[in-house]
Amino acid sequence: MRPNQFSAETAQRLAEKLNMPIEHIVHTPPHVIMAKIAELEEKEKQEKESQTPE
């Protein structure tokens, strides 16, 4: 399997956001990275909704 074709900046941002080493980001299949991003966004959305006063 070829490494992902992310730019260095994108790989670094993904690594920070997903709390993963850059080496893992580069070698993780794209569909797994997209699933992790979706999970993180859902978690952030739930946290934001729970903080919003009604």
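**A walk through a three-helix model**

Val26 is partly exposed, with a relative accessible area of 22%, and this residue is a convenient place to begin reading the structure, which is a predicted model. The cut-off for calling a residue buried is a relative accessible area under 20%, while exposed means over 50%, so the 22% of Val26 falls in the range between the two. Val26 belongs to helix α2, and when its neighbours within four places in sequence are left aside, Val26 is in contact with Pro3 and Asn4. From Val26 to Gln12 there are 14 residues along the sequence, and the C-alpha atoms of these two residues are 9.8 Å apart in space.

With that residue located, the overall plan can be followed. The protein has three helices and zero strands, and a reader who starts at the N terminus meets the elements in the order α-α-α. The C-alpha trace spans about 50 × 20 × 15 Å along its principal axes. A compact globule of 54 residues would have a radius of gyration near 10 Å, whereas the value for this protein is 14 Å. Of the 54 residues, 17% are buried, and among the contacts with a separation of 6 or more, 25% are between residues that stand 24 or more positions apart.

The surface and the charges add to this general view. The protein exposes about 4700 Å², and carbon and sulfur atoms supply 52% of that area. There are 7 positive and 10 negative side chains, and the centres of these two sets lie 4 Å apart.

The next step is to look at helix α1, which covers residues 8–18 and in which Ala11, Leu14, Ala15 and Leu18 are buried. Why do these four residues lie on the same side of α1? They cover an arc of only 100 degrees around the helix axis, and this is what puts them on the same side. A general property of helices helps in reading such a pattern: an α-helix has 3.6 residues a turn, so residues that are three or four places apart point the same way. On the other side of α1, Glu9, Arg13 and Glu16 are exposed. The buried residues of α1, for their part, pack against two elements, namely α2 (22–27) and α3 (30–51).

Two alanines of α1 show how much the surroundings can vary within one helix. Which of the two terms, buried or exposed, applies to Ala15? Ala15, whose place is in helix α1, has a relative accessibility of 8% and therefore counts as buried. Apart from neighbours within four places in sequence, Ala15 is in contact with Met20, Pro21, Ile22 and Ile25. Gln46, by contrast, is 31 residues from Ala15 in sequence, and the C-alpha atoms of this pair are 22 Å apart in space. Ala8 also lies in helix α1, but at 65% relative accessibility Ala8 counts as exposed. The C-alpha atoms of Ala8 and Ile22 are separated by 8.9 Å, and these two residues are 14 residues apart along the chain.

Leaving α1, the chain passes through Asn19, which comes just after this helix and lies in the loop between α1 and α2. What is the phi of Asn19? The angle is near 55 degrees, which is a positive value in a residue other than glycine. At 71% relative accessibility, Asn19 counts as exposed.

Beyond α2 comes another loop, and Pro29 has its place there, between α2 and α3. Pro29 is partly exposed, with a relative accessible area of 22%. In sequence, Pro29 and Pro3 are 26 residues apart, and in space the distance between them, from C-alpha to C-alpha, is 8.4 Å. Pro3 has already appeared in this account, where Val26 of the model was found to be in contact with Pro3 and Asn4.

Key
Residues are numbered from 1 along each chain as its sequence is written. This is a predicted model: local features need pLDDT of at least 70, side-chain atom pairs count only at pLDDT 80 or more; totals for chains, interfaces and linings use all residues. Side-chain values use heavy atoms; hydrogens and water are left out. Buried means under 20% relative accessible area, exposed over 50%, partly exposed in between (1.4 Å probe, protein chains only). The arc is that of the directions from the helix axis to the C-beta atoms. Contact means heavy atoms within 4.5 Å. The radius of gyration is taken over C-alpha atoms; the globule rule is 2.2 Å times the number of residues to the power 0.38. Accessible areas come from the Shrake-Rupley method with a 1.4 Å probe; for residues, only the protein chains shown count as cover. Lys and Arg count as positive and Asp and Glu as negative; His and the chain ends are not counted. The place of a charge is taken as NZ of Lys, CZ of Arg, CG of Asp or CD of Glu.
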